[in-house]
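Take a look at the sequence and the 3D structure below. Then read on for a short tour of some of its parts.

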Amino acid sequence: MEKKIDKKVLAALLLSSLLSSQSFLAKSFDQKDLNNEIIIAANWQQHSGEYSAYFYQSFNSATDQLETILKNTPDDQKPAIITDIDDTLIPSTPYFTSMVNTNESRSIERSRFWWNHQEAKALPGSVDFLKKANSLGIEIFYISGRFNDVKTITINKLKQLGYPVNSESHVILQEEKNITLNKEDKRQQIIKMGYYPIMLFGDQLDDLGEVDKGLYPEKKKWVSQHQDKLGSQWFILPNTVYGFWEEAISKGYRTLNPEEKHRVRIQGVNYSELPVPIPEGYRQHIIMADLWIRKSADFNATALQTYNLASKALEAPENRYANDRAVIVDIDGTLIDYPPIHLTPPLCKSFPEPEEKMKNYEKQLQASSIPGAREFLNKAAALGYEIFYLTAREHSSGRSGHKGDVENFTLRQLVYNGFPKVTPTNLLNRSKYCPIDKNSCDKEYQRKAIISGRINGKKYNVRLFVGDLLDDFDLKEQGLSPFDRASVEKTKHLYGRRYFIIPNPVNKTWMRHYYSGVAGKDICQLSDQERSDIRKKLIEDWPEKDLYKAAQR
C-alpha cells in the first residue's frame, strides 16, 4: 500500500522540483556536462540485451530474405550489399564514452588515433550474415566516413573479425580528410560499375538513401515516404549515442556552443511541471536517450522496421496456418509512446498518492502510437490471429471506490489509438492470473494463462511476441533471465523470427534491474549520487585514450 504524504510536504516537494529544475537550466554548461548527457544511452548500447537483440533481429531477417531477393536481381547486373562500418558492424561508442567526465570533444586528430588503435569486435549477427551473402556470390561494399589514411588498418580489422573483403576497392572511405562523405554519391558510383544493391545497412539514415536535408519533421516525413523499404532493402541499426539526427533537431546545431546545444536538447520537456522531483544527475544522464526516442526520425525508422519484419512473419506459412494462433504485444514503448512515463515518476520515485498517479495516466490518453504498430495489429487481426495485450500496468490506481480504473483507462487508450480486438479479456495486466498468494505478478503468469487455456478454455499457440524489453518474451519459461545479456545469445535465432523488439533506451525496468545487479542490491536503496556513480562506472571506456593524451603532449 502506498504511503500518503501530507499536502504541505507535497507542496514543498513540488517547490523543490521547480527550483532544482530552474537551477539545472540556469547553470552554465560546458563540454563535460554535454558529454555526460549520453550516459544512459551509452549504458543501454553497451550493456543491454535489448540492443544486441535488435541486431540479431535485423541480421536474422536479412539472412532469411537473401535468397529470395537474390532471385530478383536483374540478369545484366551484379548483386551487391552496401554497409556502413562504425556502429553497424564494429562498435565505436567507447570513443564517445571515453569523453564522459572530461571537457574533451571530438576532433580530427582524436578520430584518426581512435581508428588506428580501437579494440576490434563485431556487433551481433553481422559477421555471419555477410559471410552468408558472400557465399552466395553477393559483393560486399563498405562505405564509411573514416579518413582514407586509415584504410589499410580498417581493412585488416574487418578481415580479422571475419568480414569478407574481396578487394580494397570495396572499402570506400573519405577521399580527403575532414570532408563530409556524400554516401549517396558513393552508392551511385557502385551502381555505375554494374552492381545492383539488394540491401543497405547503417546506423544513420544517410546510410540508406539521400535524406531530406531539413530538420526533424522533414526527416520524419522522409522516413514515412520510404517505410516500405525498411526491413527488406534497407536495414537501420539504433544509435542513441551520436549521429546526424542530433543536427536535425535544430537549425545550425553543429555550430552551437555546449550550453546552447544543451538547451536545444531539453526543449519540449518542462521539468518544472513534473509532479515529483527528478534527481539532477538522472535528469542529465537521460537527456540523449530521451531525445533520440522523442526527436529522431531514426527511432521512427527502427520501429517501422520492426513492425515490417513482424508483418512478414505473420504471413509465413508456419505461422499463418497454425491452429489457434495468437500474438502477444506489450503496450508502453511498444504500442504507445513511452515518454513521459520514464520521467513521471523518474527511476526510484513514486507518486505521493493515487490521485496523482491517475492524473498522470489521464494526461497520456492521447499519447501517439509507435510507428507501424496499428498497421501490424490490424493485419494480424485480419489474418485471424488472436491478440493479447500484456502490460506491467496495475489493475487499479488505489483510489478508494475506483477499482479497475487503470485497466479502464488502458482500454480507452488502446481504442483511441485504433488498435483491434480490445476487450477486458484480451487485456492482461499484472494483477491477472497470478498465484493465489500474489496480487501482482510478472508477465510469465499471464503468458502461461494464454497457452494453458485459462483465458477462455482455448489453448493458444503464440507465434509472435512484440515488446521493448526482453521480459516481454517467454524467456523465463525457458529458464532464462530477461535481464541477462547472455540470454540473448542463447535465443539469438529467435529474434526477427518469433521475437520482435522496439528499441527503448529509457526503459526504467531494464535500468533498475541492471543497475541493481551491478550494485548487488536494489539501487533504490542507494542515494541519488551513488546511483549516478554506478551509471558512470558502467561506461565502457577506450583503453587507448591515455596513449592519445600522451601523444598530444
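## Strands side by side

Strand 1 covers residues 78–83, and strand 2 covers residues 139–147. In this predicted model, the two strands pair in the parallel sense over four bridges. Ala-80 stands opposite Glu-139 in strand 2.

These strands belong to an open sheet of five strands. The order is 3-2-1-4-5, and the pairing is parallel. Strand 3 (171–174) and strand 5 (234–236) form the edges, each pairing on one side only. On average, neighbouring strands of this sheet are turned by 20° against each other, direction ignored.

## A helix across the sheet

Helix 7 spans residues 126–135. Helix 7 lies across strand 1, strand 2 and strand 4 (195–202). Its direction is at about 165° to strand 1.

## Ser-48 between two helices

Where does Ser-48 sit? Its place is in the loop between helix 3 (39–47) and helix 4 (49–71). Is Ser-48 buried or exposed? Ser-48 counts as buried because its relative accessibility is 0%, and buried means under 20%.

Which residues does Ser-48 touch, leaving aside its neighbours within four places in sequence? Ser-48 is in contact with Asn-43, Arg-485 and Trp-510. The side chain of Ser-48 also reaches the backbone oxygen of Trp-44, at 2.7 Å. Now compare sequence with space. Ser-48 and Tyr-514 are 466 residues apart in sequence, but their C-alpha atoms are 8.2 Å apart in space.

## Two disulfides

A disulfide is a covalent bond between the sulfur atoms of two cysteines. How many does the structure hold? There are two disulfides. Count the bonded cysteines along the chain, and the pattern is 1-4, 2-3.

One disulfide joins Cys-348 to Cys-524, with an S to S distance of 1.9 Å. This pair links distant parts of the chain, 176 residues apart. Cys-348 is in the loop between strand 6 (325–329) and helix 17 (354–363). Cys-524 is in the loop between helix 22 (508–519) and helix 23 (528–537). Cys-348 is partly exposed, with a relative accessible area of 25%. Cys-524 also counts as partly exposed, at 25% relative accessibility.

Cys-434 and Cys-441 form a disulfide too, with sulfur atoms 2.1 Å apart. Cys-434 is buried, with a relative accessible area of 15%. Cys-441 counts as buried at 5% relative accessibility.

What about handedness? The link of Cys-348 and Cys-524 is left-handed, with -80° about the S-S bond. The link of Cys-434 and Cys-441 is left-handed, with -80° about the S-S bond.

Methods:
Residues numbered from 1 in each chain as written. Predicted model: local features only at pLDDT ≥ 70, side-chain atom pairs only at ≥ 80, totals over all residues. Heavy atoms only, no water. Pairing = 2+ DSSP bridges. Axes fitted to C-alpha atoms, helices over the stretch in contact; angles between N-to-C directions. Contact = heavy atoms within 4.5 Å. Buried < 20%, exposed > 50% of the residue type's maximum accessible area, 1.4 Å probe, protein only. Polar contact = N/O pair within 3.5 Å; in protein donor to acceptor, adjacent residues only side chain to side chain. Disulfide = S-S within 2.5 Å.
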